[in-house]
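Here is a short report on side-chain packing. It covers aromatic rings, nonpolar cores and cysteines.

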Amino acid sequence: MTNDRQSWFRGVRSSKFRHVYGAPAKREKCYDNIKITKNAHDSQFCAVNPKFLAIVTEVAGGGAFLVLPLDNTGRLDFNANRVTGHTGPVLDIKWNPFNDNVIASSSDDCTVKLWHIPDGGLSRNLTDWLVELQGHKRRVGYIEWHPTAENILFSAGFDHLVIVWDISKGETVSVIDRHPDVIYSMSLNRDGSLLATTCKDKKLRVFEPRSGIIVSEGVCHAGTKASKVVFLGASGRLLTTGFSRHSDRQYAVWSQHDLSAPLTCETIDSSSGIVFPFYDNDTNVVYLAGKGDGNIRYYEVVNEAPWVHYLSQFISGNPQRGLGIMPKRGVSTAICEVFRFYKLHATRGMCEPISMIVPRKSDQFQEDLYPDTVGTTPALSAKDWISGMNSPPVLISLKTGGSITTHKPRVYKPTHLASATDLNTKKKFAFLSTETVPDYRPKEYNELSEKSQKTSSNQSTKFHQLQQKFNNVALQTPRCSIKFYELVSKFGSYSHYCKNNIVSSTINDNKALETTDIPNNEAELRLAYLRQTDELRLVRRQLANSQLRVKELEEQIRKHQQKSL
């Protein structure tokens, strides 16, 4: 044995997870006959919780995903009901960690939508969303829920923005615009106080998500393909996966306070598929799964060099398109299951559960394998988190509360706005039920009245069309600039004068009264300002002309008086 071999060999490392193995489910426990999406986007296309399994499916137009009750295994009906409300392909889906009936989806149509799935699954195609979040200018690639605060959602788009949403109000909390290129992934730490992202510019960044301030920044992997990041719980470290300059797949461990150099960086292999990291905070095991291959490697994370120890790998001949992970409260403690994947096969329409099991002979509850884990109760409200508070997650015991699903059936339904069809139907019935009244007014006045009525009705119709276009969306109050408020204070008399929505016009002496709405935002106020400026200019010109005419008449009178003398 050489000296190099002796220096490397340290003996067998003791670990209770050294013999963890992957057990794929039997064929009857799989989900078969699913048209899994063939989109090339590097997302998982699968999300799971103790109630439901959601899978993004291939459709001819628009975007859709399938939602199945977890016990609905076997061959799926070809015409199974789906969520079909997006107008573009669905790129990412994530279940709400505090409500197992609410799922968020991001799409190529630049929106993020929230959906409520009834217990028992869908009885028809679902097209009515709870909340629609509009703010991105290009497609939205990734979404993440806050781990401890309720109703807080993060979305990353191809417009290089990360937007933090308060979904209970449908409003933006903050917009992080510090990325110069496409965002590849994002991850939140244990209490949600820090956000890590990887970007196409090959940099790893850690943000304070409420303010958007960069806490630390550094060059990540040198390869050109996508890199991924995950926080290693509350340890203060991150793990990234990516490619070297020579296109070898590798992983690296970083300190969140110093991203100038990694704590360790190791090569995995030379395959071409992107590697996705999954971290289990309860067992301190990180799983690395490559897209396009069938292997899942797993490592144990420690608090000293070399920071991660290789355990083993699950090998399969069937490549994977994506992987969904079951929350720890949904695993089976009776068979010592510590992690469960839901593998989307790349070559056939099947979703296959894979259980990661620690071999134990006893059928008793293993307390060393199942410490208290994250429950379904949020530690903070959205208002508390936005105000600056941080809190660790609320934990539950798997021994007593392992089968718990959600703590309350909360639905984030905003104020209901009537649909365009309902409004048109009401207008038709109102018109038909109106009694016909003869009009004996003079013809000229009648024509003028009808013209003004048509103008006002057209204006109101356009306004209603805009309202109907954005129905079911809780719109954010526009943030106006300082100049807007200066204009408001300068022309405050205008809104006071338009209190009854009527502005008296004196232009050309032959124009009728014009009906004008009070300006509600900066754009309308600018239009009103420009209109008033034109009116004033015309009035000044008329005044100047009248003054010249008065002077001419005075001059003629003076000349006549001189002639008479």
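How many aromatic pairs are there? The count comes to 13 aromatic pairs. The model is a predicted one.

## Aromatic pairs

Take Phe65 and Trp115 as one case. Their ring centres are 6.4 Å apart and their planes meet at 75°. The pair is edge-to-face because that angle is over 60 degrees. Phe65 belongs to strand β5 (residues 63–69), and Trp115 to strand β10 (residues 111–116). With their positions 50 residues apart, the pair links distant parts of the chain. Both Phe65 and Trp115 are buried.

Phe339 and Phe341 also form an edge-to-face pair, at 5.1 Å centre to centre and 65° between the planes. Phe339 has 5% relative accessibility, so it counts as buried. Phe341, at 0%, counts as buried too. These two rings join Phe278, Tyr287 and Tyr298 in one aromatic cluster.

## Charges over rings

Two basic residues sit over phenylalanine faces. Arg139 lies over the face of Phe158, 3.9 Å from the ring centre. Lys225 lies over the face of Phe243, and here the distance to the ring centre is 5.2 Å.

## Nonpolar cores

In soluble globular proteins, nonpolar side chains tend to be buried together. The largest nonpolar core here has 33 residues. Which of them touch the most other members? They are Leu53, Phe65, Val67, Ile117 and Tyr342. Strands β3 (46–48), β4 (52–57), β5, β8 (90–95) and β29 (337–345) each supply at least two residues of this core. The largest share, five residues, comes from β4.

Val67 shows the packing in detail. Leaving out residues up to four places away in sequence, Val67 touches Phe52, Leu53, Ala54, Val83, Trp95, Ile117 and Leu122. Another core, of 27 residues, lies apart from the largest one. Its members include Phe17, Phe278, Ile296 and Cys336. Phe278 is thus shared by topic with the rings above: it is also part of the aromatic cluster with Tyr287 and Tyr298.

## Cysteines

How many disulfides does the model hold? The count comes to zero disulfides. Cys30 is in none, and the nearest cysteine sulfur, that of Cys351, is 7.8 Å away. A disulfide needs the two sulfur atoms within 2.5 Å, so this pair does not qualify.

Is Cys30 buried or exposed? At 2% relative accessibility, Cys30 counts as buried. Cys110 has a relative accessible area of 21%, so it is partly exposed. The cut-off for buried is under 20%.

How values were computed
Residues numbered from 1 in each chain as written. Predicted model: local features only at pLDDT ≥ 70, side-chain atom pairs only at ≥ 80, totals over all residues. Heavy atoms only, no water. Buried < 20%, exposed > 50% of the residue type's maximum accessible area, 1.4 Å probe, protein only. Phe/Tyr/Trp six-rings, centres within 6.5 Å; stacked < 30°, edge-to-face > 60°. Helix = DSSP H or I, 4+ residues; strand = E, 2+ residues; numbered from the N terminus. Lys NZ or Arg CZ within 6 Å of the ring centre and 35° of its normal. Core = buried A, V, L, I, M, F, W, Y, C linked by side-chain atoms within 4.5 Å. Contact = heavy atoms within 4.5 Å.
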